[in-house]
Amino acid sequence: MIDFETELKKFYPSLEMEDVEEALYKQDPTDMVDMVIEFIRGQKTEEKTEVKDKEEK
Amino acid sequence: MICYNCGAELGPNDFCTRCGADVSLYKNIIGAANLAYNQGLEKAHVRDLAGAVSSLKLCLKIDKTNIDARNLLGLVYFELGECGLALKEWITSQNIRPTKNIANDYINLLNKNRGELDKYNQAEKKFNQALGYCHQGESLDYAEIALKSAINQNPRYVQALQLLALVCIKLEKWEDARRYLQRCQKIDVGNTTTLRYVGEIRNILDMDEDSVLQSRGLGFNKSKKSDIDVTDVKKESTDLYAGSVVRRETKTSSIVINVAIGILIGIAVSYMLILPARISAAREGVDESLKAAAEQLDAKTAQIGSLEQDIKTSQNQIEKLQSELDSYTGEDGRMAAIDSLLSAVNSYIENPEDMQAVAGYLDRIDESMMDEGSESFNAVYKLLMSMVGADVSSGYYDSGMKAYQEELYEEAIADLTKAYSYDNSNGDALYNLGNAYRKSGDTVNALDAYEKVIAQFPDTEMATRSQQHINELNVD
């Protein structure tokens, strides 16, 4: 049996033309590729730091 | 595929040949994004728009630079009636790749059709307003009106159609809800929300129809297997309408039969009731027309009769006038008589001795002109006759007697008649005229001439002889 209130919660307001600009600015541009690249770069930075520490020692 | 580190074109290796960066994971991720895009494209082809949205959103979550996925997502949103979301995706795509991007064309198309765009925007506003009414709980009628207005402005607005169907379900307007959900299914085939609502309505209507059909003894045979199965509606396939097709066909055929029966009844009623009245009205009209035509005919006939009478009268008048005219202008007419008289006068004036010429003109004048002529005509004629009558008479008497002696009685009669007419006192001419008639065998005119002699010249020898001739003729 369909419950009206429960089903109603699944409906979201439509994006009106006036709100498109605000939505564009608010959207999160980060995707999985960015995260992976960030991760890889983070890993590289850590490796470089370890190498430097070893050299100093 | 390009390297995320240096931007160089990547080859089949798991590392960048220019900068040496490890790209194996990167390649896997991009591959996953492309797979999601392909799935989204496939679903869009079969009109599973809700499924296409989720696949394309996944693709963009993995790789936001996938322009094709972003443009396609915008297109799917637009088809679902979500113009704001579509515009957002296309503008984002335009920012990522400003040139050689089909998103530019989509945006330009929207800008050209501002009127349509405003309509779709208004539809979205109405939907949001209706959603607000629904959340209030007590304003479902207002919500229904707002949603109907929204779908009027944008007939492909799937979310509005679904919400309207939900409101109708809440208000127990099952048929309206089913109608709106059918429209949703035509646009977005695989939408799970729509399918759930359709299933719910089917269950409710199944219970209602079975009870009605059973009460009429027309139970629905559910055990019959056919290509269209009631349970198919729960499967994810394109024949989602199968469950309701059989019931629709039954309803449709009964509607058609009822309409046909109604039409036949209407035709019978018109034939029995309306047609005779129309026929009699038409007949009355025809009779009236005939009456009017007959009256007109009578009037025309009377007119024709009257005109014919007028023609007759006119013809009589013409004849009369013609005869009058002839009396003036003919050979024996007045004009001719006047002309003869004038010619006689003129001849006498020019040569009084030439009695023959004068007599010739006077002979043309008919004695009947004396009665018809004017006073002046008669006066001139009498004067001329008094002046020349005796001489003319003498001349005719001589020629008449000469012809009598030569036994040319016809000629004698003519000349002696003229002699007597020019001079009534010429008894000899009258007496010899009688003799000429007697000799020619015309007893009647002879007796008449002798009697005139006796009457006009009594106690004369001519009278005595005339009496003798009369006695002789009577004895014969």
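1. Let me start with Gln162(B), whose contacts are worth a look in this predicted model. Setting aside residues up to four places away in sequence, Gln162(B) touches Phe11(A) from the partner chain, along with Cys184(B), Asn191(B), Thr193(B), Thr194(B) and Tyr197(B). The residue sits in helix α8 of chain B, which spans residues 158–170. Is Gln162(B) buried or exposed? With a relative accessible area of 6%, Gln162(B) is buried, because buried is taken to mean under 20%.

2. A second place where the chains meet is the salt bridge between Arg196(B) and Glu7(A), with the closest N and O atoms 2.6 Å apart. This pair crosses between chains, running from helix α10 (residues 192–215) of chain B to helix α1 (residues 4–9) of chain A. The two ends are covered to differing degrees: Arg196(B) is partly exposed at 35% relative accessible area, whereas Glu7(A) is buried at 6%.

3. Another salt bridge to have on screen is Lys125(B) with Glu16(A), where the closest N and O atoms are 3.3 Å apart. Lys125(B) belongs to helix α6 (residues 114–136) of chain B and Glu16(A) to the loop between α1 and α2 (20–26) of chain A, so this pair also joins two chains. Here Lys125(B) is partly exposed, its relative accessible area being 28%, while Glu16(A) counts as buried at 15% relative accessibility.

4. Please stay with helix α6 for one more pair, this time inside chain B. Glu116(B) forms a salt bridge with Lys119(B), and their closest N and O atoms are 3.8 Å apart. Why are these two separated by about one helical turn? Glu116(B) and Lys119(B) are three residues apart in helix α6 of chain B, and so about one turn lies between them. Both ends are partly exposed, Glu116(B) with a relative accessible area of 36% and Lys119(B) at 35% relative accessibility. As general background, side chains of opposite charge can pair when their charged atoms come close.

5. Now for the salt bridges taken together. Which residues are joined into one network by salt bridges that share partners? They are Glu7(A), Lys10(A) and Arg196(B). Over all chains, a search of the whole structure finds 19 salt bridges.

6. Asn128(B) is also found in helix α6 of chain B, and its contacts point to chain A. Leaving aside neighbours within four places in sequence, Asn128(B) is in contact with Pro13(A), Ser14(A) and Glu16(A). Glu16(A) is thus a shared name here, because the same residue is paired with Lys125(B) of helix α6. Asn128(B) itself is buried, with a relative accessible area of 17%. Within its own chain, the C-alpha atoms of Asn128(B) and Leu147(B) are separated by 9.1 Å, the two residues being 19 apart along the chain.

7. For a residue with its listed contacts in chain B, have a look at Ser393(B) in helix α15 (residues 375–405). Apart from neighbours within four places in sequence, Ser393(B) contacts Ala419(B), Tyr420(B), Tyr422(B), Asp423(B) and Asn426(B). Its relative accessible area is 0%, so Ser393(B) counts as buried.

8. Turning to the surface of chain A, you will find charged patches of both signs. Arg41(A), Lys44(A), Lys48(A) and Lys52(A) form a positive surface patch. Of these, Lys52(A) lies in helix α3 (residues 32–56) of chain A and counts as exposed at 55% relative accessibility, since the cut-off for exposed is over 50%. A negative surface patch is made up of Glu46(A), Glu47(A), Glu50(A), Asp53(A), Glu55(A) and Glu56(A). One of its members, Glu50(A), lies in helix α3 of chain A, the helix that also holds Lys52(A).

9. Finally, some overall figures for chain B. How many helices and strands does chain B have? Its secondary structure comes to 19 helices and zero strands. Buried residues account for 38% of the 476 residues in the chain. Among contacts between residues at least 6 apart in sequence, 48% join residues at least 24 apart. The accessible surface of chain B comes to about 28100 Å², and 54% of that area belongs to carbon and sulfur atoms.

Technical notes: Residues are numbered from 1 along each chain as its sequence is written. Chains are lettered from A and ligands numbered from 1 in the order in which they are written. This is a predicted model: local features need pLDDT of at least 70, side-chain atom pairs count only at pLDDT 80 or more; totals for chains, interfaces and linings use all residues. Side-chain values use heavy atoms; hydrogens and water are left out. Helices (H or I, at least four residues) and strands (E, at least two) are DSSP runs, numbered from the N terminus. Buried means under 20% relative accessible area, exposed over 50%, partly exposed in between (1.4 Å probe, protein chains only). Contact means heavy atoms within 4.5 Å. Patches are made of residues with over 30% relative accessible area and no salt bridge: like charges are joined within 9 Å, nonpolar side chains (Val, Leu, Ile, Met, Phe, Trp, Tyr) within 5 Å. Accessible areas come from the Shrake-Rupley method with a 1.4 Å probe; for residues, only the protein chains shown count as cover. A salt bridge is a side-chain nitrogen of Lys or Arg within 4 Å of a carboxyl oxygen of Asp or Glu. Lys and Arg count as positive and Asp and Glu as negative; His and the chain ends are not counted. The place of a charge is taken as NZ of Lys, CZ of Arg, CG of Asp or CD of Glu.
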